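User: I'm new to this one and would like to go through its disulfides. Could you walk me through the reasoning?

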Amino acid sequence: MSKLIASSFLVSLLFLLQFSSPVFSIRKDVSLQSTSTCRTTVQGRYLIADDMGQVCDALSIDPHSRCCRGKSERFSCNGCNLVLQCCNSYEFCVSCCLNPSRTQKDLAVNVKISKPITAGMYSSIFDFCTGRCRHNSESVVHENAYLSEFHHCFSIPSNSSSGGASGVQTEVRLAGINVVIGKQGESCDSVCKSSGQSCVPNKFVLLNQCETMHKYLSCKGGCLASVGADQPAEVVDDAPRDLNPGACLYTSQASVLSCDGSHQHTKRLCPCA
């Protein structure tokens, strides 16, 4: 009798197992939560800017997310001249630059990292801001001194064919520069030295365009492309006819622009500071 009961129990158990749904021991609703991490600047000794546009000191960085902890102000432009788009602090330059209303991503990622043809583009707006705020040849004089304390700049450089920017951008980038018209046959080194200043060679690219020259020179003979280390310049009225008297001259070969260039029949347009 006991064997019959046991046999019936086993049959019933097998029947239930055959038609019952499988049971899984792993819960599908449990998973590891992914944590986002920030990229940060590494240049400063005291401050750090993260890719969210926050600035904090090194002790305020979250050890797990690498983001600034607390309620730091995003996109802070503390110590920045918003007209020049330049700041006196690298980290605040990066923070200010990251603001979408100040830097358009589609433009920033199409800026070359450096001048050589083989140079690549910035891969993100954070890369653009950290790179642009760090390297800016337009903020130095003679490559070894800053024009002003606002030497961390994040403006997007112009890619126009003449090498200049729009009129407004040009005036902004010429802030702090005295544009002086030289005497006939005089070099810019001599022009600037006579007023107790120095010629700033990296600003020639802003003067080497017709729109800018028309603001300072008469250019009554037109604005013509030429080649010469004395340019940008205006040909004097009593120059030989084949030299186009009264014409303003610019060059497409920016590499020849120099402070010591001169020509006996031209008056140079010089950037002094």
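Analyst: Sure, and keep in mind that this is a predicted model. A disulfide is a pair of cysteine sulfur atoms within 2.5 Å. By that rule, a search of the whole structure turns up twelve disulfides.

User: What makes C56 and C68 a disulfide?

Analyst: The cut-off is 2.5 Å, and the S to S distance between C56 and C68 is 2.2 Å, so the pair counts as a disulfide.

User: Why is the disulfide of C56 and C68 called left-handed?

Analyst: The torsion about its S-S bond is about -80 degrees, so it's left-handed. C56 sits in strand β2 (residues 55–57) and C68 in the loop between β2 and β3 (80–81), so the link ties together parts twelve residues apart in sequence.

User: How do you know whether C56 is buried or exposed?

Analyst: Buried means under 20% relative accessible area. C56 has 6%, so it's buried. C68 is also at 6% and counts as buried.

User: What about C86 and C153: what makes them a disulfide?

Analyst: Their sulfur atoms are 2.0 Å apart, so they fall within the 2.5 Å limit. With 105 degrees about the S-S bond, this link is right-handed. C86 in strand β4 and C153 in strand β7 are 67 residues apart.

User: And why does C210 count as partly exposed?

Analyst: Partly exposed runs between the 20% and 50% limits. C210 has 23% relative accessibility, so it lands there. Its disulfide partner is C223, which at 21% counts as partly exposed too.

Technical notes. Residues are numbered from 1 along each chain as its sequence is written. This is a predicted model: local features need pLDDT of at least 70, side-chain atom pairs count only at pLDDT 80 or more; totals for chains, interfaces and linings use all residues. Side-chain values use heavy atoms; hydrogens and water are left out. Helices (H or I, at least four residues) and strands (E, at least two) are DSSP runs, numbered from the N terminus. Buried means under 20% relative accessible area, exposed over 50%, partly exposed in between (1.4 Å probe, protein chains only).
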